[in-house]
Amino acid sequence: MNAVYYISSVVAVVATVAAVTGLNAVHSLLYLIVSFLAVALIFFTLGAPVIAALEVIIYAGAIIVLFIFVVMILNLGDVAVEQEKRWTVGKMWIGPAFLALVLMAELVYVLFQQTVHHLPGAGPIQPQDLGATLFGPYMLGVELASMVLLAGLVGAYHLGRRRQPDETAQERQEPVDAGARR
Amino acid sequence: MASIPMEQGLLLAGVLFVIGLTGVLVRRNIIFVLLSLEVMLNAAGLAFIVAGYRWGQPDGQVLFLFILTMAAAEVSVGLALVLQLHRLFKTLDVDAADRMRG
Amino acid sequence: MLHLLFLVPVLPFCGFVVLALFGRWLDRRQVAAIGVGSIGLSALFALLVGFDFVIAPPEGDAFSQSLWTWINVGGFTPHIAFYLDSLSVIMILVVTVVGFLIHVYSAEYMEDEPDGYARFFACMNLFVGSMLTLVLADNLLLLYLGWEGVGLCSYLLIGFWYTDPANGRAARKAFTVTRVGDTALLVGLLLLFTKLGTLQIQPLMQLASEHWVVGSSITVAAAGLLLGGALGKSAQLPLQTWLPDAMAGPTPVSALIHAATMVTAGVYLIARMNVLFTLSPVIQTTVAAVGAGTLILAGFSALTQRDIKRVLAYSTISQIGYMFLAVGVGAWSAAMFHFMTHAFFKALLFMGAGVVIVGLHHEQDMFKMGGLRKQTPLVFWTFVAGSLSLAALPLVTAGFYSKDAILAGAWASDAGGRWLWAAGLCGALLTSLYTFRMVFLTFFGEERTPYHLKPGVRLLLPLVVLAFLSIVAGFLDLPRTLGNQPWFSDFMHTSLPETKEIAGSTERNLQIVASLVSIGGILAAYYVFLREPGLVRRLVITPLGAAVHRFWFVGWGFDWAYDNLIVGTYVWVARANRADVFDLPIRAIALINQAGHIVLSRTETGRLRWYATSVAFGAIVAVGIVVFVT
């Protein structure tokens, strides 16, 4: 099982890097699916089968599907890839990569500075434990999560609505005016 | 059931998080920015699962569920915004929407 | 009758309010009726109250009338209250009667002014009202109100013809110079209140004499500060420079400032606070010395002036110097007596000079006058009466009796009395000289400028009345050597300390000397300025003579010294500090804020990725602090 974990880790990292650096949106999304599946495997090896299933269903399923819908609506073609090439030139990566490395170094330092090393896992957590905890001490959190989902639903509906042309024109006018006043 | 040292799990979470962060900072295409954000959220969730695995408590998984919920809501609103952005600016460049500058 | 006292100061204020608010809609007859009438009624009530006071003196020889409480804060409760004793009776009588005559005169004098007739009378009424508040005030705060009111009105009236910048400058000068004194007075009041806890004059005097030792430093400080105020208002050394320039105002204003109001306020203040000055002999001697010095300096300056009004201005400074000398040597009643006679003859002289000036088409240079004796006999005779009184012609004029009382008081004084007396005598000679120089140059000799004015009754009546008073007022206080009827002194001594007596024979000798000096001065003036005018001319063209003449003409160079030492220094500091060094720290705060604003608004690029980078950077720093520092 350890081998599964390490292989999955490598796959996850490689797939994520490919997803983040890719030029074609659909290709990147496919890599991302791979990454999520690898992470789902890791969850499974870490004794969280329910979470592994949810990872597959929601991340690799629902969320990626949303992305793909949007990409399809926007109907980006080869032009978008060319554009991406222009936008992501090599030297742009230097600054953020440096920042990320510093952050990573700090993280590693914290991890390996601890006195206790290499503690093995305590064991799998049964789904019923998860359910009992979720609807026990975290009841309020669940309610709040439902509210967040409701807000996300309403927000997405409101923002995704196709406006009437005059309405859109008005909205475009306002920011321009606001910009001019400054 | 594997026996993975907690540090290695956290290290993986950190690596994924940092990759996502780099993507957020570098990409100009807003779809890729959102994509990188998903990677970061996923990495954060991974860290909770590893912690829950380490202590044998279900709380880590509960928190992963919350993160999952939040990510779903976020991505739906975010993608709606992408549509609006494309409609208004005819581009996906996040730097195009920079009118709120000082 | 005494309860009508409040009407005396209130009526002029009513006149002021009516004229100031509605003056522009009233025609000249109505303005004159209100302006003159308010003072006239005030004078009438003052006479009634004064008569009542003399006939039936109230209990304790003083009457107090409280109108209302002005302020009530933490035990500090000054009232709007009037205090009437023999000192203030004399003051209000002189102020209202002389003020009324000046108002009558002004009604005709100012008639050909194109505008500002109502403004003029409004200010004049306010002036008289403020002066009456000053002299009747029961507490020092109310006195200070009147004091500042007088200063304000002097500013408004000296700058009456405000279109000429020179007049505005004179007005500002008067205001600024007296302000130096006012500040000292204010500090003095605060000191008195801090130390004794009240500003009511009578309790204050009682507390001072109970708690303070003679000659202690606190009395010196308090009396010295009050003296500073008096010096400014009364135009004494070293704050006398504003008065000659105050001639920029209309002539009735000069008459009012010099005779009835304003300049006598300082003398009144010292007389009112006599307990305090008696407690600090050093300051009282200073008062006398200042008076003696001023009267001689101003006398010499008056001798060289060409402008008739400036002669009179220096003469006023000199005569106020006599009053200071008197209060300085403790001859309180003599000071008030001289104040009264001076008010009569100086108002008369100013108003006579005003008629002459208008008659000669606003010519003020005496060397362009002359021979007016024939054209305006009535003005001439009244002017001569005033001049004789000023020059203290023995026996028949009021000035003789008042000045004689002062000289006797100076002789009797312990602190250098002989010297003070000699200074006073020297001043008397100078007074005779410059007075009759003025008379001879103006009214005798050949005519140099044609005269055109036919003065009306409103111009002449005050002159006649004042000429009469200038002669007979002296008989109110006959010294022991000449009839021994010191009615005035006895009246004053109900509120002021007794004057030290000197032996009868000494007094007689002093009077004879003073008389000789006075007559000698007049004769010398006649000889030098009328018979042999060439003598002075030859003297003035010698180098030394020219220098001395120039020095006296500019008033002993005080203006020059102040301009260079104080104004010059101030201007230099202002120039040097043009960038306002002390403002820099304040401005620096604004500049730092501005710079911060510029820098921080640069960070608001509106770019999402920039913000994300900032967040990442912040996270790095925060985690770094947690990991490496704590």
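**Chain B meets chain C, and a helix inside chain C**

The area buried between chain B and chain C is about 950 Å², with carbon and sulfur atoms giving 56%; buried area is the accessible area (1.4 Å probe) that two parts lose on being put together, summed over both. This is a predicted model, where local features need pLDDT of at least 70, side-chain atom pairs count only at pLDDT 80 or more, and totals for chains, interfaces and linings use all residues. Residues are numbered from 1 along each chain as its sequence is written, chains are lettered from A and ligands numbered from 1 in the order in which they are written, and side-chain values use heavy atoms, leaving out hydrogens and water.

Colleague: Which residue of chain B forms a salt bridge with Arg609(C)?

Modeller: A salt bridge is a side-chain nitrogen of Lys or Arg within 4 Å of a carboxyl oxygen of Asp or Glu. The count between chain B and chain C is 2. For Arg609(C), the closest N and O atoms are 2.8 Å apart, and the partner is Asp95(B).

Colleague: Is helix 14 of chain C largely enclosed or largely open?

Modeller: Helices are DSSP runs (H or I, at least four residues), numbered from the N terminus. Buried means under 20% relative accessible area (1.4 Å probe, protein chains only). Because 20 of its 21 residues are buried, helix 14 of chain C is largely enclosed by the rest of the structure.

Colleague: Which residue caps the N-terminal end of helix 14 of chain C?

Modeller: Look for a side-chain oxygen 2.8 Å from the backbone nitrogen of Lys309(C). That oxygen belongs to Asp307(C).

Terms used. Buried means under 20% relative accessible area, exposed over 50%, partly exposed in between (1.4 Å probe, protein chains only). Helices (H or I, at least four residues) and strands (E, at least two) are DSSP runs, numbered from the N terminus. A polar contact is a pair of N or O atoms within 3.5 Å; within protein, one must be able to donate a hydrogen and the other to accept it, and residues adjacent in sequence count only if both atoms are side-chain atoms.
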